[in-house]
Amino acid sequence: MKYIIILVFINNTLFSQIQSLIHPNPSIDKYFGKKIIDDYRNLENIKDSSALNWMKEQNDYSNAILQSIPNRQYLIDKLAEMDSKKEFSITHLQVTNNSKYFYIKRNSTENSQKLYMRDGYDGKEELLFTSVEYKKINKEYVINYIKPNNDGSKIVVALTEGGKEIGEMIIIDTKKKTILPYIISNCWPSDGGGVSWLPKGDGFIYLHYPIIDNKSELFLKNMVAVLYKIGDEPEKLHPVLSKQEYPELPLKGEDFPMVSINKDNSNYLIGKVGGATNFGDSYYTHISELNSKHINWKILYKKEDKIVDYTLINDTIYYITAKSSKNNFVARTSLKYPNFSHSEIIINEMKDEVIETIYSTKDGLFITTTKNGVEAKLYLYNSQKELQEIVLPISAGSIQLATKSNEYSDIWVTCSGWNSEDRRYKYNVSENKFIQENINPTIEFDEFKDIKVLETTVKSHDGKDIPLSFIYNKELNPKEKLPLLVLGYGASGISYSPFYARIALLWAIKGGIIAYTHIRGGGEKGEEWHLGGYKKTKPNSWKDFISCIEYVHKKGYSTPEKTAIWGSSAGGIVMGRTMTERPDLVKVVIMNVGLLNTIRLEESPNGANGTKEFGTIKNKDEFGYLYEMDSYHHIKKGVKYPATLITGGYNDPRVPVWMPTKFAAKLMANNASNNPILLKVDFNGGHGIDNTKKKSQENIADIFAFALWQLGHPDYQPKENLDK
């Protein structure tokens with residue numbers, strides 16, 4: 001091994017530690033005649049002692065450096081103080097048809113989560129379950145999902161250990177307040193594809209993962225949608241949709257076959273083929289088919305129909321589609337004889353607004369729209385076939401709707417923004433009135449009262465207008481060069497929708513500027529925007545990002561020496577290619593569980609799914625796209641790279657830890673600058689998911705302290721300069 005000796009003077013104390021460089025062990029591959037040298041292929045074997053020991057050394061070294069930065073503890077204390085101002089926080093709210101409220105609550109003084117229920121919004125709170133008591137062993141379990149049945153008599157609770165994502169489910173009898181003696185393992189429920197209860201509440205459908213070892217080649221392969229009847233042995237699976245049991249359907253091993261019973265019409269089973277793609281095939285059948293040995297699935301719509309969202313009213317499906325449309329439109333067709341190519345359009349696409357979601361109640365169809373991903377509106381399409389805008393009680397960057405079913409008028413609207421806490425309202429259609437029903441306490445922070453938000457657009461390299469959100473604490477003055485933190489993602493049609501990010505506001509009150517970029521690859525301007533940063537066009541994602549940074553610099557608000565960038569997961573592509581293409585543009589790069597070695601994507605557990613968004617090395621053209629977005633292979637010898645903090649999770653099922661590890665090793669070996677390169681590995685964690693408040697606060701403090709230190713903020717400078 002090679003070594004870099006670092007001497008850091010912290011608080012008059014000499015801190016000395018050796019940072020080791022692991023010896024390269026080149027591997028040579030050929031792709032369509034192109035020779036690729038991979039210097040650190042050996043680090044992909046994370047069970048190998050040399051690879052594991054090096055990761056541990058780097059993690060120890062990085063933690064020692066980060067924990068020695070002055071005022072890091074201030075950031076931790078400030079985050080804890082902000083959390084403590086809120087007596088409690090509530091998540092995972094579920095409301096049943098008979099108005100029983102279920103939610104996860106965590107008091108400000110506690111790390112553990114508790115499951116509560118109440119009868120109606122004003123009902124008395126009753127404790128059902130505490131995560132800290134689960135199994136009563138020396139492991140921390142996190143509640144990551146809940147789902148009650150229709151009458152709230154039973155509720156499924158999903159728990160995972162540590163930072164892992166796949167775990168197990170228990171069932172609680174809410175009347176007796178007892179846990180039923182059944183543990184359902186190998187599950188990973190989420191709001192996008194979780195538990196679907198049977199109409200009678202005596203069982204449910206969920207997604208089963210046969211292999212849960214994320215080091216196995218069969219991990220995230222051959223998943224099965226399973227019917228579980230309460231009282232059955234959980235180990236005896238009853239498949240309802242899978243590649244193996246339904247070979248007549250064109251399912252692939254990496255597909256997620258998710259089956260649900262629609263709350264608006266429980267006569268139908270809907271089977272969706274999920275994965276790392278915005279659109280997929282969907283199947284349907286009558287619910288009576290659950291009694292059959294082999295379900296007769298019929299095609300509902302194809303991937304090519306580009307169905308964004310839908311709701312059922314009797315035997316009609318009302319849906320939003322992106323097909324042959326820039327901003328989407330709403331149409332309907334019969335469920336008995338579905339025809340998505342010749343259906344009836346009921347709401348035409350709008351000029352500057354993307355139609356995003358659709359819900360139905362007794363009073364009609366509610367749709368939400370967004371402009372540039374940062375300005376939300378709500379509309380009602382009533383029985384008179386009129387589309388009317390509903391004026392929201394407050395301006396909102398984004399809104400989320402919740403309903404019981406279309407047998408009821410109940411609808412809740414949650415309004416979110418960059419500098420304001422979420423506000424939840426119940427909407428009374430007959431009176432056109434919003435009634436505030438905040439399940440969470442709303443706290444006004446005096447220190448945030450001067451925070452401002454500016455929404456603008458930036459011209460990219462090809463003339464496209466890129467939305468950019470500024471958050472700052474006072475009037476911007478071109479004469480002041482402020483610390484700038486720029487965030488970007490740009491993948492899978494996912495938008496950076498406005499949300500109340502106290503960590504961003506904390507950066508602003510420390511005198512900095514936060515900029516959220518709405519780059520191509522995301523969904524801020526609909527599917528066209530997504531496809532503008534997809535496979536062949538992926539370079540637009542980081543070129544848009546670079547244009548946004550250059551815009552701020554040209555305005556005079558900051559400089560390269562004052563600029564940090566931050567991205568996570570697929571956002572790692574944008575961070576990595578920005579720093580390898582324009583290392584002069586920024587001073588600090590934060591890469592959180594980043595996708596940094598895309599030509600090796602298919603060697604990861606979820607790689608086959610990732611090919612749907614990024615491409616496959618099995619296709620000559622797509623290999624070229626993957627190589628172009630591969631940050632690891634664009635690191636060059638002798639280039640002065642920015643200060644970089646790279647994180648990974650040892651149990652990450654989405655971006656394997658060897659990706660950030662390989663990137664760090666190559667960057668350290670080739671970097672010609674004196675800027676620090678730190679690799680921080682969470683050996684108990686997964687895909688950047690923090691299982692406790694304390695851990696979350698410490699991780700944010702590390703990122704901010706590192707960035708502010710390197711950007712020259714006076715409060716985060718060691719008493720002596722860093723020497724290498």
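Is Tyr 551 buried, partly exposed or exposed? At 21% relative accessibility, Tyr 551 counts as partly exposed. The cut-off for buried is under 20%, so 21% falls outside that class. The model shown in these views is predicted.

**View 1. Phe 470 and Tyr 551 form a tilted aromatic pair.** The ring centres are 6.5 Å apart, and the planes meet at 35°. Phe 470 belongs to strand β35, whereas Tyr 551 belongs to helix α5 (residues 539-555). The pair therefore ties together parts that are 81 residues apart in sequence. Burial is uneven across this contact: Phe 470 is buried, at a relative accessible area of 0%, while Tyr 551 is partly exposed.

**View 2. Strand β35 pairs with β34 and with β37.** Strand β35 spans residues 465-472 and is mostly covered, with seven of its eight residues buried. Eight bridges join β35 to strand β34 (residues 452-459) in the antiparallel sense. In this pairing, Thr 457 stands opposite Pro 467 of β35. The hairpin of β34 and β35 has five residues between its strands. Gly 463 in that hairpin takes a positive phi near 90°. Strand β37 (residues 513-517) also pairs with β35 in the antiparallel sense, over four bridges. Here Ile 471 stands opposite Ile 514 in β37.

**View 3. Strand β38 has parallel partners in β36 and β39.** Five of the six residues of β38 (residues 563-568) are buried, so the strand is mostly covered. Strand β36 (residues 484-487) runs parallel to β38, and four bridges join them. Leu 485 stands opposite Ala 564 of β38. Strand β39 (residues 588-592) also runs parallel to β38, joined by five bridges. Ile 565 has Val 589 in β39 as its bridge partner.

**View 4. Four strands make an open antiparallel sheet.** The strand order is β22-β23-β24-β25. Strands β22 (307-313) and β25 (344-347) are the edges, each pairing on one side only. From one strand to the next, the twist averages 30°. Inside the sheet, β23 (residues 316-321) and β24 (residues 329-334) pair in the antiparallel sense over six bridges. Ile 320 stands opposite Val 330 in β24.

**View 5. Five aromatic residues are linked into a cluster.** A search of the whole structure finds 31 aromatic pairs. One of them joins Trp 197 and Phe 204 in an edge-to-face arrangement. Their centres lie 5.1 Å apart, with 65° between the planes. Trp 197 counts as buried at 6% relative accessibility. Phe 204 is buried too, with a relative accessible area of 0%. Ring pairs link these two residues with Tyr 182, Tyr 206 and Tyr 228.

**View 6. Asn 262 sits in the loop between β18 and β19.** The flanking strands are β18 (256-261) and β19 (268-274). Asn 262 is buried because its relative accessible area is 12%, and the cut-off is under 20%. Beyond its neighbours within four places in sequence, Asn 262 is in contact with Tyr 268, Tyr 310 and Leu 312. Trp 197 lies 65 residues away from Asn 262 along the chain, with 9.7 Å between their C-alpha atoms.

**View 7. Phe 614 is one of the most connected members of the largest nonpolar core.** This core has 113 residues. Tyr 516, Phe 614, Phe 663, Phe 704 and Phe 706 touch the most other members. Helix α10 (residues 693-710) supplies the largest share of the core, nine residues. Leaving out residues up to four places away in sequence, Phe 614 touches partners including Ala 491, Ala 570, Ile 573, Leu 595, Leu 601, Leu 626 and Met 629. Lys 535 and Lys 538 are also among the residues that Phe 614 touches. Another core, of 18 residues, lies apart from the largest one. Its members include Leu 227, Leu 241, Val 259 and Ile 261. In soluble globular proteins, nonpolar side chains tend to be buried together.

**View 8. Two lysines lie over tyrosine rings.** The charged end of Lys 105 sits over the ring of Tyr 116, 5.3 Å from its centre. Lys 666 lies over the face of Tyr 632, at 4.7 Å from the ring centre.

Key
Residues are numbered from 1 along each chain as its sequence is written. This is a predicted model: local features need pLDDT of at least 70, side-chain atom pairs count only at pLDDT 80 or more; totals for chains, interfaces and linings use all residues. Side-chain values use heavy atoms; hydrogens and water are left out. Buried means under 20% relative accessible area, exposed over 50%, partly exposed in between (1.4 Å probe, protein chains only). Helices (H or I, at least four residues) and strands (E, at least two) are DSSP runs, numbered from the N terminus. Two strands pair if DSSP finds at least two bridges between them. Axes are lines fitted to C-alpha atoms, for helices over the stretch in contact, and angles run from 0 to 180 degrees between N-to-C directions. Rings of Phe, Tyr and Trp (its six-membered ring) pair if their centres lie within 6.5 Å; planes under 30 degrees apart count as stacked, over 60 as edge-to-face and the rest as tilted. A charge sits over a ring if NZ of Lys or CZ of Arg is within 6 Å of the ring centre and within 35 degrees of the ring normal. A nonpolar core is a set of buried Ala, Val, Leu, Ile, Met, Phe, Trp, Tyr and Cys residues joined through side-chain atoms within 4.5 Å. Contact means heavy atoms within 4.5 Å.
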